[in-house]
Amino acid sequence: MSRAHLDKRPDEVAAMFDTVADRYDLTNDVLSLGQDRLWRRAVVRALDARPGETVLDLAAGTGTSSEPFADAGVQVVPADFSLGMLRVGKKRRPDLSFTAGDATRLPFADKSFDAVTMSFGLRNVVDTDQALRELRRVTRPGGRLVVCEFSHPVWTPFRTVYVNYLMRALPSIARRVSSNPESYVYLAESIRAWPDQDGLAKRLQQSGWTDVAWRNLSGGVVALHRARRP
């Protein structure tokens, strides 16, 4: 079984996601108790993309996060560095323009997109700050960014329960539904090591984004950060 480690070597992370591609969406639905659907809807509302606009959906995986944009008449480009994920997505939605790409070296020209978004992928990138700069590079002036990522629950007692779930229950549940349960050990570790809401906001500002704000989803289990390119 392939799993990545917290040094986040791109080849290891991509290989790990290749092994879970076939059952990735099902596993996420089970592990999040269906909350992932609510989180995706929150991203769509926050980005507020309109027909005629072009959106980059980075770390799109099988394209589940891209579908609402396409179905609303928005030109969306789902991009990911896992070829296994892209293959599964292309079989399911051949109408979407799936593109292979590394977040630290995006294969797009400067100022290509009206808006960019990344859900549950930023913490898997080997160089977070470089990825944020790349997203800024490919966004047009005045364009929007929405990052949806696991974060830190705001209520301390719940935070303790949540960490215990991540490190104990999540890998156990994954063994029943995932094609590569070992990858979810990495998932738990990467979530626990990720910066809190304010920490990510500061990194966005340091990467050149302005008007940075966030709101918590599911009590801070997930945070939705919004920003604008000056």
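**Getting to know helix H3 and its aromatic partners**

Q: How many aromatic pairs are there in this structure?
A: Keep in mind that we're looking at a predicted model. Two rings of Phe, Tyr or Trp pair up if their centres lie within 6.5 Å. Going by that rule, the number of aromatic pairs comes to four.

Q: Trp39 and Phe120 form one aromatic pair, but is it stacked, edge-to-face or tilted?
A: The two ring centres are 5.7 Å apart, and the planes make 50° with each other. Under 30 degrees would count as stacked and over 60 as edge-to-face. The Trp39 and Phe120 pair is therefore neither of those, but tilted.

Q: How many residues apart in sequence are the parts that this pair ties together?
A: Trp39 belongs to helix H3, while Phe120 sits in the loop between E4 and H6. So the pair bridges two separate parts of the chain, and their distance in sequence, in residues, is 81.

Q: Trp39 also pairs with Phe150, so what kind of pair is that?
A: Here the ring centres are 6.0 Å apart and the planes meet at 85°. Phe150 is in strand E5, 111 residues away from Trp39 in helix H3. Because planes over 60 degrees apart get their own label, the Trp39 and Phe150 pair is edge-to-face.

Q: Which residues make up the aromatic cluster?
A: Trp39 pairs with Phe120, and the rings of Trp39 and Phe150 pair as well. That puts three residues in one cluster: Trp39, Phe120 and Phe150.

Q: Is Trp39 buried or exposed?
A: Buried means under 20% relative accessible area. Trp39 has 6%, and its partners Phe120, with 17%, and Phe150, with 16%, also fall under that limit. Since 6% is under the cut-off, Trp39 is buried.

Q: How far does helix H3 reach from its first C-alpha to its last?
A: H3 covers residues 35-47, which makes 13 residues. At 1.5 Å a residue you'd expect 18 Å, and the helix comes close to that. The span in this model is 19 Å.

Q: Within what arc do the buried residues of H3 fall?
A: The buried ones are Asp36, Trp39, Ala42, Val43 and Leu47. In an α-helix, residues three or four places apart point the same way, because there are 3.6 residues a turn. Looking down the axis of H3, you'd find its buried residues lining one face, within an arc of 120°.

Q: Which strands does H3 touch where it packs on the sheet?
A: The sheet is open, with seven strands in the order E3-E2-E1-E4-E5-E7-E6 and mixed pairing. Its edge strands are E3 and E6, each pairing on one side only. H3 makes about 160° with the direction of E5. The strands it touches are E1, E4, E5, E6 and E7.

Q: What is the bridge partner of Val55 in E4?
A: Strand E1, residues 54-58, and strand E4, residues 113-119, run parallel. Four bridges join them. In E4, the partner of Val55 is Ala115.

Q: What is the phi of Ala59?
A: Ala59 is in the loop between E1 and helix H4, and it is partly exposed, with a relative accessible area of 23%. Phe120 has a positive phi of about 55° although it isn't a glycine, and Asp48, which follows H3, has a positive phi near 55°. Ala59 isn't a glycine either, yet its phi is positive, near 60°.

Definitions and conventions: Residues are numbered from 1 along each chain as its sequence is written. This is a predicted model: local features need pLDDT of at least 70, side-chain atom pairs count only at pLDDT 80 or more; totals for chains, interfaces and linings use all residues. Side-chain values use heavy atoms; hydrogens and water are left out. The expected span of a helix is 1.5 Å times one less than its number of residues. Buried means under 20% relative accessible area, exposed over 50%, partly exposed in between (1.4 Å probe, protein chains only). The arc is that of the directions from the helix axis to the C-beta atoms. Two strands pair if DSSP finds at least two bridges between them. Contact means heavy atoms within 4.5 Å. Axes are lines fitted to C-alpha atoms, for helices over the stretch in contact, and angles run from 0 to 180 degrees between N-to-C directions.
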